[in-house]
Amino acid sequence: MAVRNLSTGSGVKAAIMKEIRTAKIDVMELDLSLMASVRKFVENFNKLNLPLNILINNAGIALVPFMLSRDGIELHFATNYLGHFLLTNLLLENMRITARESGIEGRIVIVSSVAYEATYHEGIRFDKINEKSGYYSFLAYGQSKLANILHARELSNHLKEQEIKVTVNSLHPGVITTNILRHRRFWNGIVIAVSKFVMNVMKNVQQGAATTCYLALHPQVQGVSGRYFVDCNEAKVKYHAADTNLAKKLWDLSMGLIS
């Protein structure tokens, strides 16, 4: 478990161990908004000499006021997308070797959101990602979620070209009753209140994790890559998420940012 808050992560580990006593869990620090933290995490993980079959990119923040990470990157983009991009890039060699030596397909699962449809009109503000002018927290969140989908599609193409036995897919987990809107207390309160009366729309954490687990573990999606899923079913992407050239341009930008 790669977590930003070690105390919270340790509590989750304890809860899992109480329920599944044979579980083996390591909790390691990782702040995806900081590239130095990502690199340090990968360095520490590699020292464990563990194989890596499945990588789930699940960290997320939403609707935060405009601010830059310590690397000078807009915080939604840094945390929800670029940190995952770098993490995946650095762990990919381990996944390639594990898949080859084990004979078991590796899987990368990227948690996106249907909010990708609500982004800036150009999709990705390549020249203005880190500018406060024109910034809207909801659109910035949508931009980062669009980037997640584009990342999965473009990475899938690279993996296929190199004949690496690792798949990568993105997904919308649903509207879940979590504290992701903690930076907007008013909206967070409304979501929590509404969830008590519209459970047919809102999902609890277990339901929200279902599509992630499906893509990580189910044999039905073996060999499936570069797709987008909702409620454990493949869904067709819309608008900017279907733009192949945009995906390639984002890939080139991201490689430049992490180099």
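1. In this predicted model, Phe-77, Tyr-81, Phe-85 and Trp-251 together make up one aromatic cluster. The cluster is a convenient place for a new reader to begin.

2. Across the structure, seven aromatic pairs are counted. One of them joins Tyr-81 and Phe-85, whose ring centres are 5.8 Å apart and whose planes meet at 50 degrees, so that the pair is classed as tilted, being neither under 30 degrees (stacked) nor over 60 (edge-to-face). Tyr-81 and Phe-85 are both part of helix α3, where four residues, or about one turn of the helix, separate them.

3. Are the two partners of this pair buried or exposed? Tyr-81 has a relative accessibility of 1% and therefore counts as buried. Phe-85 is likewise buried, because its relative accessible area is 2%. For both residues the relevant cut-off is 20%, under which a residue is called buried.

4. Helix α3, which spans residues 75-102, also holds Asn-80. Asn-80 is a polar residue that merits separate attention, since its relative accessibility is 0% and it therefore counts as buried. The side chain of Asn-80 makes a polar contact of 3.1 Å with the side chain of Ser-144.

5. Which residues surround Asn-80, apart from its neighbours within four places in sequence? Asn-80 is in contact with Ala-59, Gly-60, Ile-61 and Leu-75, and also with Tyr-141, Ser-144, Lys-145 and Asn-148. Ser-144 thus appears both in this list of contacts and as the partner in the polar contact.

6. Two backbone positions should be inspected. Most residues other than glycine have a negative phi. Asn-49, although not a glycine, has a positive phi of about 55 degrees. Asn-49 is located in the loop that runs between α2 (35-47) and β3 (54-57). With a relative accessibility of 69%, Asn-49 counts as exposed, because the cut-off for that class is over 50%.

7. The second position is Glu-163, a residue other than glycine whose phi is positive and near 55 degrees. Glu-163 belongs to the loop between α4 (137-161) and β5 (166-172). Its relative accessibility of 67% means that Glu-163 counts as exposed. Asn-49 and Glu-163 each lie in a loop between a helix and a strand.

8. A further aromatic ring takes part in an arrangement with a charge. The charged end of Arg-125 sits over the ring of Tyr-120, at 4.5 Å from the centre of that ring.

Methods: Residues numbered from 1 in each chain as written. Predicted model: local features only at pLDDT ≥ 70, side-chain atom pairs only at ≥ 80, totals over all residues. Heavy atoms only, no water. Helix = DSSP H or I, 4+ residues; strand = E, 2+ residues; numbered from the N terminus. Buried < 20%, exposed > 50% of the residue type's maximum accessible area, 1.4 Å probe, protein only. Polar contact = N/O pair within 3.5 Å; in protein donor to acceptor, adjacent residues only side chain to side chain. Contact = heavy atoms within 4.5 Å. Phe/Tyr/Trp six-rings, centres within 6.5 Å; stacked < 30°, edge-to-face > 60°. Lys NZ or Arg CZ within 6 Å of the ring centre and 35° of its normal.
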